[in-house]
Amino acid sequence: MSEITFGPFTIDLAPAQDSGGLLRVVQQDAAGNTSPITTTPTPDLTGPDPASDLNVNAAGTVLTGRGEPGATVTITNEAGEPVGTGTVAQDGTFSIGLTPPQTAGGDLQVVLTDVGGNESDPTLILSPDLIGPDAPTGITVGNDGTTQTGQGEPGSTVTVSNEAGQTVGTGTVGPTGEISIPLNPAQTD
């Protein structure tokens with residue numbers, strides 16, 4: 001519960017009015033006569049809804065979405081570094097340039113801050129992955145020629161070809177970057 005005070009009177013408000021809107025106040029005397037309407041703002045203690053309808057363009061240079069009109073939009077990358085900021089237009093949309101372009105396939109976090117300084121819950125969106133993985137490292141073939149091991153980008157697909165260009169093994173790099181690919185037929189020459 002909150003309260004509002006006008007001159008010599010105080011009125012308890014239930015439920016509390018904390019969304020930044022306006023209250024209309026009218027006095028009525030004992031004879032039933034009413035005063036003109038007076039308005040008073042309420043404190044804004046409620047954060048905006050999270051950003052929605054997020055989209056990053058294919059080049060990773062612009063993020064668009066929807067949010068509370070007038071709210072400030074802050075975009076950070078996976079390292080927590082700011083990569084874009086702007087304001088939600090009165091129609092509830094925003095379009096914000098990303099600097100530098102976000103092309104590594106990482107999560108971007110979008111937070112809205114209303115004019116009262118209240119923040120929304122963060123919304124995540126994946127940036128486009130336009131950067132190929134580095135070459136695998138530490139590549140070795142077991143003594144019996146049936147397994148190739150090494151290190152690579154987690155989740156990447158690995159294809160092993162022989163000198164003739166024939167595929168002799170495929171697999172996926174493990175979550176910690178480990179590569180272990182069965183080779184068929186065994187590469188013993």
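Throughout this note, contact means heavy atoms within 4.5 Å. With that settled, here is a friendly tour of the structure.

1. **Ground rules.** This is a predicted model, in which local features need pLDDT of at least 70 and side-chain atom pairs count only at pLDDT 80 or more, while totals for chains, interfaces and linings use all residues. Residues are numbered from 1 along each chain as its sequence is written, and side-chain values use heavy atoms, with hydrogens and water left out.

2. **The four-stranded sheet.** Let us begin with an open sheet of four strands in the order β8-β7-β10-β11, paired antiparallel. The edges belong to β8 (82-87) and β11 (123-126); each has a single partner strand, so one side of each is left without a neighbour in the sheet. On average, neighbouring strands here are turned by 20° against each other, direction ignored. For the terms: strands (E, at least two residues) are DSSP runs, numbered from the N terminus, and two strands pair if DSSP finds at least two bridges between them. The angles come from axes, which are lines fitted to C-alpha atoms, and run from 0 to 180 degrees between N-to-C directions.

3. **Pairings around β10.** Strand β7 (residues 72-76) pairs with strand β10 (residues 107-113) in the antiparallel sense, over five bridges. If you want a place to look, T72 has T113 of β10 as its bridge partner. β10 is also joined to β11 by four bridges, and these two strands run antiparallel. Here L108 stands opposite I125 in β11.

4. **The three-stranded sheet.** An open sheet of three strands has the order β5-β6-β9, again with antiparallel pairing. Its edge strands, β5 (52-56) and β9 (93-97), each pair on one side only. The average turn between neighbouring strands of this sheet is 15°, direction ignored. Three bridges connect β5 and strand β6 (residues 62-66) in the antiparallel sense, with N55 opposite T64 in β6.

5. **The largest core.** A nonpolar core is a set of buried Ala, Val, Leu, Ile, Met, Phe, Trp, Tyr and Cys residues joined through side-chain atoms within 4.5 Å. Buried means under 20% relative accessible area, exposed over 50%, and partly exposed in between (1.4 Å probe, protein chains only). Which members touch the most others in the largest nonpolar core? Of its 16 residues, they are L63, V73, I75, F94, L108 and V110. At least two residues come from each of β5, β7, β9 and β10, and β10 gives the most, with three.

6. **V110 and a separate core.** Not counting residues up to four places away in sequence, V110 touches A51, L54, L63, V73, T74, I75, F94, D121, P122 and T123. Apart from the largest core lies another, of seven residues, among them V158, V160, V173 and I181.

7. **Two neighbours, S120 and D121.** Are these residues buried or exposed? S120 lies in the loop between β10 and β11 and counts as buried, at 6% relative accessibility. Beyond its neighbours within four places in sequence, S120 is in contact with P48, D49, P50, V111 and L112. D121 lies in the loop between β10 and β11, but is exposed, with a relative accessible area of 55%. With the neighbours within four places in sequence left aside, D121 is in contact with P50 and V110.

8. **Along β11.** The side chains of β11 alternate: T123 and I125 point to one face and are buried, while L124 and L126 point to the other and are not.

9. **G174.** Further along, G174 lies in the loop between β15 (167-172) and β16 (178-182). G174 is buried, at a relative accessible area of 11%. Leaving aside neighbours within four places in sequence, G174 is in contact with P154 and G155. G174 and E153 are 21 residues apart in sequence, and 8.3 Å apart from C-alpha to C-alpha.

10. **Backbone details to check.** Most residues other than glycine have a negative phi, and most peptide bonds are trans. The A14 to P15 peptide bond is cis, with omega near 0°, and P15 lies in the loop between β2 (9-13) and β3 (22-25). The bond from T99 to P100 is also cis, with omega near -5°; P100 is in the loop between β9 and β10. D53, in strand β5, has a positive phi, near 50°, and counts as exposed at 57% relative accessibility.
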